[in-house]
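User: I would like to learn how to read the features of a protein model one by one, with the general idea stated before the particular case. Could we begin with the overall division and then go to the details?

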Amino acid sequence: MSETLTFARAITEGLRSALESDPKVLVMGEDVGRLGGVFRVTDGLQKDFGEDRVVDTPLAESGIVGTAIGLALRGYRPVCEIQFDGFVFPAYDQITTQLAKLHYRSRGRLQLPVVIRIPYGGGIGAIEHHSESPEALFAHTPGLRVVSPSTPQDAYDMMRAAVASPDPVLFFEPKGRYWTKGDVTTGAYPSADDAGRADVLNRARVARRGDDVTLVAYGPTVATALKVADALAAEGTSADVVDLRAISPLDVTAVAESVRRTGRCVVVHEAPSFLGAGAEVAARVTEECFHSLEAPVLRVGGFHAPYPVAKLEHEFLPSVDRVLDAVDRALAY
């Protein structure tokens with residue numbers, strides 16, 4: 001079935017489908033039940049599935065994730081919500097020292113199919129600790145999948161795939177995109193007749209075809225990259241826009257295939273550029289495509305500073321003009 005949904009509602013429907021498909025799936029977090037979450041992403045789920053499966057927890061992120069680990073060890077598939085990106089750090093120890101490592105430490109005998117939903121990124125005029133992008137901290141930790149959808153369709157498909165995955169998944173939801181709309185095909189997942197949708201946690205997608213420069217983005221900055229591509233097209237330059245979907249694992253093959261055609265690459269993300277996901281992309285592209293590159297791989301991201309107050313956030317975030325400037329530098333090299 002296909003319908004027009006907001007990005008947030010697509011996640012809701014992905015969770016609903018997972019809850020309907022498997023009685024071992026649980027949703028848990030602060031205010032996810034009666035309130036339906038701060039952004040109403042879990043709205044209606046407790047009413048439909050009951051308080052035993054959509055659980056309002058105490059305000060204790062470490063306790064939420066620690067409980068989810070125990071549930072996963074007993075055969076459940078918990079989906080945890082962290083209300084805002086900056087609130088994940090009390091659970092950082094549980095995520096990186098336990099959740100990420102138990103499968104390895106047990107020599108594969110234990111699986112922890114835990115999904116941790118994290119609304120992240122800026123652009124909504126929020127206060128301190130509500131607009132951060134900590135994805136690289138988790139991608140640096142072996143044993144965790146780190147993903148971020150950019151469209152309502154991917155939000156639905158990637159949520160279903162994340163819940164079905166045997167691996168722990170950090171599911172970063174670009175909160176600035178929650179109210180955007182798109183056509184979404186819902187229903188049973190994964191389906192035998194749609195293998196492409198079944199691999200959304202592993203494969204990047206080409207959001208737009210072009211020949212002159214590759215723009216690599218994920219989550220909230222895919223929309224920015226597409227706006228940049230529109231502006232470049234008006235000037236006679238065509239851009240390939242690659243939506244990574246995941247930064248761990250990283251689909252280097254898809255990025256390299258694009259860069260070998262275009263010879264130039266600009267990576268865009270909201271997190272600070274310094275030691276961010278873009279640095280890994282730049283290094284891997286340089287290794288894989290050295291003889292195809294016509295210019296250095298450039299990065300456009302947040303500045304190496306704490307996220308600013310709301311009035312200044314649009315100076316901090318990568319804008320169309322900042323990305324265009326990087327593209328101009330790459331083309332002029």
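Analyst: The protein is divided into domain 1 (2-200) and domain 2 (205-332), with bounds that come from an automatic or database domain assignment. This is a predicted model, in which local features need pLDDT of at least 70 and side-chain atom pairs count only at pLDDT 80 or more, while totals for chains, interfaces and linings use all residues. Residues are numbered from 1 along each chain as its sequence is written, and side-chain values use heavy atoms, with hydrogens and water left out.

User: How many residues of domain 1 and domain 2 are in contact, and what area is buried between them?

Analyst: Contact means heavy atoms within 4.5 Å, and on that basis 25 residues of domain 1 touch 22 residues of domain 2, although the C-alpha centres of the two domains lie 26 Å apart. Buried area is the accessible area (1.4 Å probe) that two parts lose on being put together, summed over both; between these domains it is about 1700 Å², with 53% given by carbon and sulfur atoms.

User: Which polar links should I look for between domain 1 and domain 2?

Analyst: A salt bridge is a side-chain nitrogen of Lys or Arg within 4 Å of a carboxyl oxygen of Asp or Glu, and two are counted between the domains. Arg205 forms a salt bridge with Asp154, their closest N and O atoms being 3.6 Å apart. On the side of domain 1 that touches domain 2, the elements giving two or more residues are α6 (135-139), β6 (145-147) and α7 (152-164), where helices (H or I, at least four residues) and strands (E, at least two) are DSSP runs numbered from the N terminus.

User: How many salt bridges does a search of the whole structure find?

Analyst: The search finds 19. In one salt bridge, the side chains of Lys175 and Asp85 meet at 2.7 Å, N to O. This pair links distant parts of the chain, 90 residues apart, with Lys175 in the loop between β7 (169-174) and β8 (181-185) and Asp85 in the loop between β4 (77-81) and α4 (92-99).

User: Which backbone feature joins Ser248 and Pro249, and what is the phi of Asp31?

Analyst: Most residues other than glycine have a negative phi, and most peptide bonds are trans. Here a cis peptide bond joins Ser248 and Pro249, with omega about 0 degrees, and Pro249 is in the loop between β12 (246-248) and α9 (252-262). Asp31, although not a glycine, has a positive phi of about 70 degrees and is found in the loop between β2 (25-29) and α2 (45-49).
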